[in-house]
Amino acid sequence: MAADIQAPPLREYPTIPVIVENTMADSKPYMATPAHQESLGYPGELVDNWQDVAVKKLGELVSGSRALQVFLDTCVKCGACTDKCHYYLGTQDPNNMPVARQDLLRKVYRRYYTFAGKHFPKLVGAVDFDEEVRDQWYSYFHQCSQCRRCSVFCPYGIDTAEISMAGREILDVIGVGQKYCNEILGKVHVIGNNLGLPEPALVNTLEGLEEDIKDDTGVDVRVPVDEKNADVLLITPSADFFAEPHIDGLIGYAKVFHQAGISWTLSSYASEAANFSMFIGSKDNLKKVAMRIRDAALDLGVKRIVVGECGHAWRVAYNFWNTLIGPFDFLDPRYPAPQHICEVTYDLIQRGALRLNKEANDHRRITFHDSCNVARASRMGNMPGGQFLIPREIIKACANHFHDMSPETIHENTFCCGGGGGLLTDDLMKLRVRGALPRMEALAQVVQDNDVNTLIAICAICKTQFAKVLPYYKFQMDMITSLHQIVGDAIELDTTH
Amino acid sequence: MTLTVIFAILFYLATALFSIGIIRKIVIYSKTPQPLKIPTTPAPTTKAGVVWRLTKEVTVFQSLFKANKWIWVFGWLFHVGLLLVLLRHLRYFTEPVWFWVNWLQPFGKYAGFAMVAGLLGLWARRFLVDRIRYISSPSDHLMLLLLIAIGSSGLVMTFVSHTDIVALKSFVMGMLYFDLQMLPSTVALLIHLALVIVLMVIFPISKLLHAPGVFFSPTRNQVDDVREHRHVSGWSAKP
Ligand code: HEM
Ligand code: HEM
Ligand code: SF4
Ligand code: SF4
């Protein structure tokens with residue numbers, strides 16, 4: 001824990017805080033180096049005519065996106081979204097109110113592309129794109145986790161995530177990218193995953209994992225990689241290969257496949273579910289990173305694609321893959337689209353294909369954190385809201401003690417963990433700690449009322465973020481648990497297998 | 001007579017700007033591609049479901065209701081009031097007046113109060129709530145002021161100093177059939193009409209575009225069926 005960063009106090013009855021200007025104006029992530037920038041096809045440093053380039057790019061983006069076009073025009077400044085962002089609630093900085101964040105871009109758009117802004121800038125609050133505004137963009141578009149909570153409450157569904165993606169793309173194009181995202185994307189392009197874990201290291205890690213499971217259970221549960229003609233290709237965030245608590249989730253997936261008798265494999269070429277291109281709004285990188293999955297699936301000759309526990313990766317997989325790298329006509333017609341691991345597990349539970357001992361999780365008193373990108377940007381199962389039902393049903397099938405947090409903080413109202421959208425970096429620690437406040441307050445409530453000691457999440461970013469911020473709020477760091485860890489713990493493996 | 005001619009010309013101009021402006025925007029909205037699926041979930045999985053979702057947004061402001069009860073109360077009062085008032089105004093534009101417009105008259109008469117009350121509530125929030133004060137620019141205040149002024153000048157005519165409605169109607173019908181008739185020149189009416197002209201002109205270049213815009217918002221109008229139906233558009237349609 002960084003000593004100079006303090007968590008705000010938890011309040012028993014959260015109220016809407018008053019605004020305090022500029023509390024976060026100095027929050028800025030490290031800038032990408034020229035090498036990071038260039039590897040993604042962006043200029044290495046600030047280009048000379050950055051104003052023109054930015055304004056031109058803005059015009060292109062808006063004319064290529066109905067979302068931007070409509071969102072920039074229609075906001076009536078009603079204020080309904082102003083208290084919906086966890087970063088506003090945690091920092092009180094008015095620029096973290098969704099509408100104010102949008103206005104950072106809207107005021108420039110108005111200045112250059114609307115009649116009112118061109119001729120009456122003062123009246124409608126339009127401004128030139130100057131250095132000050134550029135700085136504001138860099139600061140506040142990197143204080144949006146693209147969680148879409150604001151879009152749930154806006155009467156026109158205005159999604160500030162779309163705006164901050166566009167803002168970041170424009171910043172990249174003029175040469176001021178963010179180090180964290182761009183460096184990671186470079187690693188994916190060159191090595192195949194966010195961590196920069198090369199193939200031999202991956203193979204090694206997975207062998208070690210198989211040994212651990214054997215020591216633990218006495219059963220040979222496989223964690224295969226690059227196995228041709230396996231049924232399932234599992235695409236999972238690379239944090240699952242080594243970080244706690246992620247890795248216990250990976251063990252859980254392995255046990256599920258093992259007991260269901262499904263042959264599966266990881267891919268060393270596409271050893272990463274994450275696609276940070278979405279965070280920086282880069283369509284070219286989005287497609288390129290996604291294409292690795294299709295290539296790996298075809299190369300390995302698999303019949304199904306399954307995605308591990310990762311929030312934004314599931315959004316990309318669920319909502320974008322068919323568009324970007326489809327059609328998936330080479331898959332088994334019974335499983336014609338990539339599935340979430342939770343859909344697979346839930347299905348197996350429904351069919352009675354897993355033997356589960358709930359008592360194995362009796363020491364856990366569980367609550368579930370809906371990850372934003374799963375909750376508000378994708379779906380599981382065949383009905384709207386399946387993304388809320390399925391993980392909870394899995395938990396209830398594997399454990400006896402489950403307690404939901406308060407309704408205005410779960411399902412589509414869920415509060416972001418505070419670290420999503422490409423902000424999971426140490427240089428934004430103050431933001432991450434403060435942004436976690438609403439979630440921590442809801443958690444404190446179930447800890448107090450129901451003795452909850454386990455916080456389950458199905459997103460690699462959420463897990464890492466919680467492991468980091470829980471201690472700031474005086475919770476145990478190891479409260480955070482992978483969903484498939486409790487599945488793995490409940491599964492009764494057949495020792496005669 | 002000069003006044004009549006000036007107002008007639010201004011009305012023709014305003015109508016042209018209003019219609020062309022709105023149609024242009026609607027064309028832009030419908031032609032601009034939406035390359036990826038981005039519905040805010042849980043979202044309907046069928047077209048009929050989307051129609052239902054949008055119907056609830058437009059009639060009862062569903063998302064706003066979830067978000068903030070005060071804004072909802074004032075906003076809804078204002079819009080429903082406005083709708084009734086506008087429907088009641090159809091009697092100036094139709095001959096014979098449609099039966100259901102007649103049927104609405106008694107309600108419409110008081111709807112003006114609801115409309116203005118809602119507007120005043122919304123305006124008060126722009127001063128009283130620090131967050132909304134922060135996000136308001138002069139145009140946001142002026143927009144409310146304009147609508148309040150239109151509403152109050154209308155209410156003055158309805159309840160305080162009446163206008164010659166018959167003469168007004170022949171002026172309006174005269175414009176519709178290009179056969180100019182005298183405009184009754186009461187102050188309240190002239191103010192009312194002048195402000196309406198301003199409203200029509202700024203409609204297509206202001207946030208009032210939310211009225212057509214709400215139907216085009218991809219987070220609300222997209223069907224959540226991307227696994228079954230491959231979606232491509234704009235850059236995503238290019239190989
Ligand atoms: C499809 C039709 C329409 C829908 C669904 C709609 C919906 C909404 C909603 C949900 C709001 C936000 C809440 C509020 O502040 O009231 C709003 C605000 C507003 N609407 Fe509409 N509206 C429509 C048509 C119109 C029309 C025709 C006008 C004007 C002549 C208008 C003028 C306004 C104004 C001025 C505001 C901002 C109020 C403020 O400053 O707080 N709307 N509208
Ligand atoms: C060409 C357009 C318009 C004409 C000719 C017109 C004319 C009138 C007249 C003559 C009245 C008095 C009715 C009476 O004495 O019973 C009136 C009332 C009113 N007008 Fe308008 N008006 C127009 C447009 C509008 C618009 C666009 C709005 C709203 C934004 C509006 C809002 C009102 C209100 C609130 C009242 C009072 C309530 C009522 O009697 O319905 N008017 N208008
Ligand atoms: S998307 Fe999330 S983080 Fe971004 S402004 Fe909206 S509520 Fe805040
Ligand atoms: S809720 Fe929507 S329309 Fe209202 S201020 Fe926020 S972004 Fe604008």
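This note goes through the ligand shells, the two sheets and some backbone details of a predicted model.

1. Conventions. The model is predicted, so local features need pLDDT of at least 70 and side-chain atom pairs count only at pLDDT 80 or more, while totals for chains, interfaces and linings use all residues. Residues are numbered from 1 along each chain as its sequence is written, chains are lettered from A and ligands numbered from 1 in the order in which they are written, and side-chain values use heavy atoms, with hydrogens and water left out.

2. Ligand 1, position and contacts. Ligand 1 lies between chains A and B. Around ligand 1 there are 22 residues (a residue is near a molecule if one of its heavy atoms lies within 4 Å of it). The nearest of them are Tyr156(A), Gly75(B), His79(B), Arg126(B) and His210(B). Three side chains have an N or O atom in polar contact (a pair of N or O atoms within 3.5 Å; within protein, one must be able to donate a hydrogen and the other to accept it, and residues adjacent in sequence count only if both atoms are side-chain atoms) with a nitrogen atom of the ligand. The distance is 2.7 Å for His79(B), 2.8 Å for His210(B) and 3.2 Å for Tyr156(A).

3. Ligand 1, make-up of the shell. In chain B, α4 (69-89), α5 (99-128), α7 (138-159) and α10 (210-213) each supply at least two residues of this shell. Helices (H or I, at least four residues) and strands (E, at least two) are DSSP runs, numbered from the N terminus. With four residues, α4(B) gives the largest share. By class, the shell has 17 nonpolar, three polar and two charged residues. Here Ala, Val, Leu, Ile, Met, Phe, Trp, Tyr, Cys and Pro count as nonpolar, Asp, Glu, Lys and Arg as charged, and the others, Gly among them, as polar.

4. Ligands 3 and 4. Ligand 3 has 14 residues around it, and Cys85(A), Cys144(A), Ser145(A), Cys147(A) and Cys150(A) come nearest. In chain A, α4 (86-91), α5 (98-113), α9 (149-153) and α10 (160-173) each supply at least two residues of its shell, which divides into seven nonpolar, four polar and three charged residues. Ligand 4 is surrounded by 13 residues; the closest are Cys75(A), Cys78(A), Gly79(A), Cys81(A) and Cys154(A). Its shell has 10 nonpolar, two polar and one charged residues.

5. The four-stranded sheet of chain A. This open sheet has the order β2-β1-β3-β4, with parallel pairing (two strands pair if DSSP finds at least two bridges between them). β2(A) and β4(A) (339-340) stand at the edges with a single partner strand each, so one side of each is left without a neighbour in the sheet. β1(A) pairs with β2(A) (264-265) over two bridges, where Leu233(A) stands opposite Thr265(A). β1(A) also pairs with β3(A) (304-307) over four bridges, and Leu234(A) has Val306(A) as its bridge partner there. Two bridges join β3(A) to β4(A), and in β4(A) the partner of Val306(A) is Gln339(A).

6. Strand β1 of chain A. On one side of β1(A) (232-235) are Val232(A) and Leu234(A), on the other Leu233(A) and Ile235(A); all are buried (under 20% relative accessible area, 1.4 Å probe, protein chains only), so both faces are covered. Together with helix α13(A) (246-260) and β2(A), β1(A) makes a right-handed β-α-β unit. Right-handed means that, with the strands pointing away from the viewer, the path from the first strand over the helix to the second runs clockwise.

7. The three-stranded sheet of chain A. A further open sheet has the order β5-β6-β7, with parallel pairing. Its edge strands are β5(A) (366-368) and β7(A) (480-482), each pairing on one side only. Three bridges join β5(A) to β6(A) (454-457), with Ile366(A) opposite Thr454(A).

8. Backbone details. Most residues other than glycine have a negative phi, and most peptide bonds are trans. The bond between Gly326(A) and Pro327(A) is cis, with omega about -5 degrees, and Pro327(A) lies in the loop between α15 (311-325) and β4 of chain A. The bond from Thr41(B) to Pro42(B) is also cis, with omega near 0 degrees. Gln92(A), in the loop between α4 and α5 of chain A, has a positive phi near 65 degrees. At 26% relative accessibility, Gln92(A) counts as partly exposed (between the 20% limit for buried and the 50% above which a residue is exposed).
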